[in-house]
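Here's a quick briefing for anyone opening this one up for the first time. Have a look at the structure, then read on for a few helix packings and some ring contacts.

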Amino acid sequence: MFRKRVRYYVPSTAWIPDYSVSLLGGDLLAGVTLAAMLIPQTVSYGTSLAKLSPTTGLFAASIPPIMYSLLGTSRQLNVAPEAALSLLVGQAVSDFRRGDRHTRPEDADAIGIAVSTAITFQVGLFASMLGFFRLGFLDVVLSRALLRGFVTAVAVVITVEQLIPMFGLVALENQMNPETTLDKIVFLLEFSWSDYHKPTMLVSFGALLVLIFMRTFKGYFRRTWWIERLPEVLLVVVLSTIVSGYLRWDKKGVDILGIIPIKTGGHFFSFPLKQSISYIRGTTSTAVLITIMGFLDSTVAAKQNADRFGYSISPNRELVALGAANLFGSFVPGTLPAFGSIVRSKINGDVGARTQLASLVTAGITLLATFFLLPYLYYLPRCVLASIICLFVISLFSEVPHDLMYYWRIGAWTDLAMMFLTFSLSVIWNIEIGIVVSLIISLLLVIKRSSHTRMIILGRIPGTDQWGPIADNPGAEDVPGILIIRIRESLDFANTAQLKERLRRLELYGPERTHPSEEPRRQPASTLVFHMADVETCDASAVQIFHELLETYQNRGVELFVTHLRSGPREMFERAGIEELLGSEAFFATLGDAMASIGQR
């Protein structure tokens, strides 16, 4: 029994002993392919989005995946920094650097490392707690419209952030110091045509065009495996570095990567709170957002691969594994938060990854590159890194037109409003405000919908002894003076709070939507029958409210009957005194029996 539990909660104790050599080729190929894509990508995320050293992105792509490979249930999920999450870290880093006006330039790197470490540590802690308390179902709270609005806003914010170095306007930005994304858009419109740096602009947009061309070219040769597997990003990085060094673009004013020291604040491994405890309070909201967004992306990616390759995953264990991975990563100061990616995980599976060994291979190669490859990237133009990020941002925009047309076609105005609200707030103010306000509205909508007890009015279908919803059966006969209500869900404190008001509206206006100011369309009922076949459970609050409701109807002189009551709710009704209140003769096994008894009175 103990061994089974260990194999369940620590999946590596199951897949490592049972590993088949026949899977090694696919895992190695997938690991090498992902590493070739991740190394330049995470360098870009660390420098351009997180405003930190390139090593912070590389460590995030190599340290957390080691822990996830041991604890994670998904075999293809690749854990590494994400563009949107790195951007959130970068905004927090910039805020703290601006907040302390007395900060010396030499302290800027130390502040960035401390802020990033504080965020990653909290992300790991929050994700682990959500998993331990079995809150993996929280992904159902966020609608796809909200996520689409958020992702689109992030894509716009990232694009604006990267256009500044691509036009060579970084020095001018530091002087003007535009804060919000809207300010930066105005800044670009004002200065990109007059103050751009020509060599930088030619290099960056030239690199972006080459990347787009190569990716499009690969799309025409999907069946030719060696063309499909060409790492276009790695090729552009290598070629631009070689050409930059040969032509000495740095002497023409193009900003290059230069010497990259391994900065971790003094020690490679360090307790996360040692240098970062003073930044914990100011970064908690950012950490919460990163945890939620990272978990949602990871869960979607893990479920897609599990369905594709025929195994199951546990969202709660995924949360624990992702939390442990980020906690482990936070012991290397400056490491960015790491979560799963839908795109990377799909590529991982396509290339041949069948176990978590592929992620270990990717992490190992990335870690080696951190210590031995960076010196060879001395002449890499920083604007090329911005071009690489713009390439990945294009995929974030790809589904927007489809979703907009879909919501418009089906008339989902609430979803469209949610999408535009999230997008607008994120761009005009900042991403945190956008997602927090949208989350609150989303939760309120969920609460509103769950607080409405699902009930229908039943009527007799002509020529039969069958009963059906009068809203779905226009010919169904409504029995005069008798209101038959079928409750379509279990009762709890949330959906019974408005039960009395909902029943009153059904009694007076029927199932059609009407304004309360209109005249009643039905006569008040003298007999009320509750059809409760769909009520599987009742909590204490629901039973108490239901008892008060029945007393109200009794005081009005309305006869009350209950049919199809299950054993669980029946026991709760007995304990609460409802059976004593109505009498045992008010309970019937079927609706037909109840109506026959009423007809005899």
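**Rings and helix crossings**

Let's start with a charge and a ring: Arg 570 lies over the face of Phe 587, 4.7 Å from the ring centre. Keep in mind that you're looking at a predicted model. Below come the rings, then three helix pairs.

**Aromatic rings and charges**

- Counting up ring partners gives 13 aromatic pairs in the structure.
- One aromatic cluster is formed by Phe 530, Phe 546 and Phe 573.
- Arg 75 also has a ring beneath its charged end: that of Tyr 311, with the ring centre 4.2 Å away.

**α5 against α16**

- Helix α5 covers residues 64-71 and helix α16 covers residues 315-329; their axes come within 8 Å and cross at roughly 150°.
- An angle over 145 degrees counts as roughly antiparallel, so that's how α5 and α16 run relative to each other.
- The crossing of α5 past α16 is right-handed.
- On the α5 side, the contact uses Pro 64, Ile 66, Met 67, Tyr 68 and Leu 71. α16 brings Glu 318, Ala 321, Leu 322, Ala 324, Ala 325, Phe 328 and Gly 329 to it.
- Sorted by class, the residues in this contact of α5 with α16 come out as 10 nonpolar, 1 polar and 1 charged.

**α15 against α16**

- Helix α16 also meets helix α15 (residues 280-309), where the axes come within 11 Å and cross at roughly 125°.
- That makes α15 and α16 oblique to each other.
- Their crossing is right-handed.
- From α15, the residues making the contact are Phe 295, Ser 298, Ala 302 and Lys 303. From α16, they are Pro 315, Glu 318, Leu 319 and Leu 322.
- The contact of α15 with α16 splits into 5 nonpolar, 1 polar and 2 charged residues.
- Glu 318 and Leu 322 of α16 are worth a second look, since they turn up in the contact with α5 and in the contact with α15.

**α3 against α18**

- Now for helix α3 (residues 24-49) and helix α18 (residues 357-372): the axes come within 7 Å, crossing at roughly 40°.
- With that angle, α3 and α18 are oblique to each other.
- This crossing, of α3 and α18, is right-handed.
- α3 puts in Leu 24, Asp 27, Leu 28, Ala 30, Gly 31, Val 32, Leu 34, Ala 35, Leu 38 and Ile 39. They meet Leu 357, Ala 358, Val 361, Thr 362, Ile 365, Thr 366 and Ala 369 in α18.
- By class, you get 13 nonpolar, 3 polar and 1 charged residue where α3 contacts α18.

Terms used:
Residues numbered from 1 in each chain as written. Predicted model: local features only at pLDDT ≥ 70, side-chain atom pairs only at ≥ 80, totals over all residues. Heavy atoms only, no water. Phe/Tyr/Trp six-rings, centres within 6.5 Å; stacked < 30°, edge-to-face > 60°. Lys NZ or Arg CZ within 6 Å of the ring centre and 35° of its normal. Axes fitted to C-alpha atoms, helices over the stretch in contact; angles between N-to-C directions. Helix = DSSP H or I, 4+ residues; strand = E, 2+ residues; numbered from the N terminus. Parallel < 35°, antiparallel > 145°, perpendicular 65-115°, else oblique. Left-handed = near helix turned anticlockwise from the far one by under 90°. Contact = heavy atoms within 4.5 Å. Nonpolar A, V, L, I, M, F, W, Y, C, P; charged D, E, K, R; others polar.
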